[in-house]
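User: I'm new to this one. Could you take a close look at how its helices pack against each other?

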Amino acid sequence: MDTNLPVSDKPRVVIVGCGFGGLRLAQALRKAPVQVVVVDRNNYHNFQPLLYQVATGALEADSIAYPIRKIFAGQSNFFYRMADVQRVMPDTNTLVTSVGHIQYDYLVLATGSLTNFFGLESIERNAMQIKSIPNALNLRSFIFQNFEKALLTSDPVEKQALLNIVVVGGGPTGVEISGSLAEMRKHVLPKDYPELDLRAMQIFLVEAGPALLGPMSPASQADAKRYMDDLGVLVRLNTSIKRYEDGKAYFSDTEFIPTENLVWAAGVNGAEVPGLPAEAVTRNKRITVNGWNLVQGQSNIFAIGDVANMVTEDMPKGLPMLAPVAQQHADHLAANLQRLLRLEKPHEFVYNNKGSMAIVSRNKAVVDLPKNIHFNGFFGWLTWLFVHLMTLVGFRNKVVAFVDWAFSYFSSDQALRLIIRPFSRRDVKDDQGKKSAEHRTATTEYNATPPAIQEPA
């Protein structure tokens with residue numbers, strides 16, 4: 001199949017993925033003398049930090065997603081192809097996709113991350129996750145389906161397992177979804193399920209480390225733990241879930257938590273693209289890059305964001321997998337690509353740490369800023385809301401999110417408790433879109449020769 005990309009005498013920059021990094025890079029190249037091609041399996045940009053609110057009914061899916069073509073309407077050098085990327089062929093500057101081959105002058109991998117199950121097959125097979133909009137919608141349906149089932153059973157053991165929710169992973173995602181579920185248990189579910197004794201519903205937050213929000217300050221960690229306790233979330237630190245089967249989450253060979261609802265938020269791997277040399281890929285599937293995001297051993301392939309493993313003196317394990325890192329990578333790479341086109345030397349990347357934050361529930365959030373500035377509570381909650389509202393793509397999405405948040409705040413209700421598509425538990429790989437797409441061999445031809453990359457002095 002021919003991808004029908006137009007032939008151009010301008011260098012072609014192919015960007016794989018339209019997350020925070022890919023989106024920002026394509027926008028930053030708006031006026032550059034290049035042809036920009038974005039390849040993504042979804043035709044929308046997904047605002048991942050708010051997926052947990054879709055999963056718990058606080059927001060609808062279309063309020064955190066925005067069509068890629070609409071974002072770039074009017075950008076004359078932009079082209080989009082909806083496809084699964086199968087592999088890269090560096091020797092021929094070719095990207096193999098499910099809709100054909102795409103040649104490139106410069107390739108930028110902005111593929112983000114995938115859930116890391118640490119080789120625990122029973123958990124990968126049976127647990128729920130929230131890395132995509134389909135994941136979030138499936139989780140929402142699954143939780144409410146289990147509440148409906150709890151109404152129908154007279155077996156107390158089965159009913160307890162249907163009501164219990166175990167969230168694994170004490171990072172921002174785990175803390176945020178646990179807090180949101182606790183709020184829902186207090187304010188929403190008693191109205192919907194008066195027949196159920198929701199005092200029996202238990203929400204567990206299981207973290208393998210000694211504290212919640214491990215990368216954040218000790219003050220934020222302590223505040224998050226206190227907020228969880230206030231909400232009635234049962235926090236289990238220094239505890240690992242070893243397997244999950246038959247409605248039992250085992251944390252030892254014989255000890256388990258009965259639950260039909262296991263949410264896995266315990267870690268991520270880089271979403272590598274097959275075809276790169278093995279030495280360029282680290283143990284956690286991130287791609288090793290130098291100080292200007294050039295992939296190790298390559299001359300015209302770059303990686304940005306979560307998938308890029310950029311090691312610095314301050315961060316010997318690589319920069320954190322955060323949206324601000326991806327956006328700063330994108331801005332810096334856009335400038336460097338234009339320097340390369342002018343046969344200038346690229347500049348080294350310098351990360352500007354603007355801080356981190358996590359919301360726990362209404363009026364409860366923690367914020368860490370540079371220079372050891374920390375605050376929490378209502379002011380932290382307002383800060384979190386403002387930052388995320390401003391970061392959402394599209395004016396409509398900002399308005400819809402603001403209205404939904406205001407409604408939830410003043411009514412203590414969430415109106416989106418809908419089972420639109422009933423969900424049956426299946427291998428999570430299907431939801432991640434990792435099923436092999438049919439390989440097609442059509443090619444796209446064009447004329448352009450990339451300038452050579454020069455090493456900085």
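Analyst: Here is a walk through two helix pairs, with some background on the model.

This is a predicted model, where local features need pLDDT of at least 70, side-chain atom pairs count only at pLDDT 80 or more, and totals for chains, interfaces and linings use all residues. Residues are numbered from 1 along each chain as its sequence is written, and side-chain values use heavy atoms, with hydrogens and water left out.

Let's start with H1 (residues 20-28) and H10 (residues 323-341), whose axes come within 8 Å and cross at roughly 30°. (Helices are DSSP runs of H or I with at least four residues, strands are E runs of at least two, and both are numbered from the N terminus; axes are lines fitted to C-alpha atoms, for helices over the stretch in contact, with angles from 0 to 180 degrees between N-to-C directions.) That makes H1 roughly parallel to H10, the label for angles under 35 degrees. Their crossing is right-handed, meaning that the near helix is turned clockwise from the far one by less than a right angle. On the H1 side, the residues in contact (heavy atoms within 4.5 Å) are Phe 20, Gly 21, Arg 24, Leu 25 and Ala 28. Their partners in H10 include Ala 323, Gln 327, Asp 331 and Leu 333. By class, this contact has eight nonpolar, three polar and two charged residues. (Ala, Val, Leu, Ile, Met, Phe, Trp, Tyr, Cys and Pro count as nonpolar, Asp, Glu, Lys and Arg as charged, and the others, Gly among them, as polar.)

Now for H5 (residues 133-152) and H6 (residues 156-163): their axes come within 9 Å and cross at roughly 160°. H5 and H6 are therefore roughly antiparallel, the label for angles over 145 degrees. The crossing here is left-handed. Asn 146, Phe 147, Lys 149 and Ala 150 of H5 meet Lys 159, Leu 162 and Leu 163 of H6, and that contact divides into four nonpolar, one polar and two charged residues.

As for confidence, the chain averages a pLDDT (the predictor's confidence in each residue, from 0 to 100) of 88, and 90% of the residues score at least 70. Among the elements, strand S9 (residues 106-109) has the highest mean, 98, and helix H13 (residues 428-431) the lowest, 44.

Conventions
Parallel < 35°, antiparallel > 145°, perpendicular 65-115°, else oblique.
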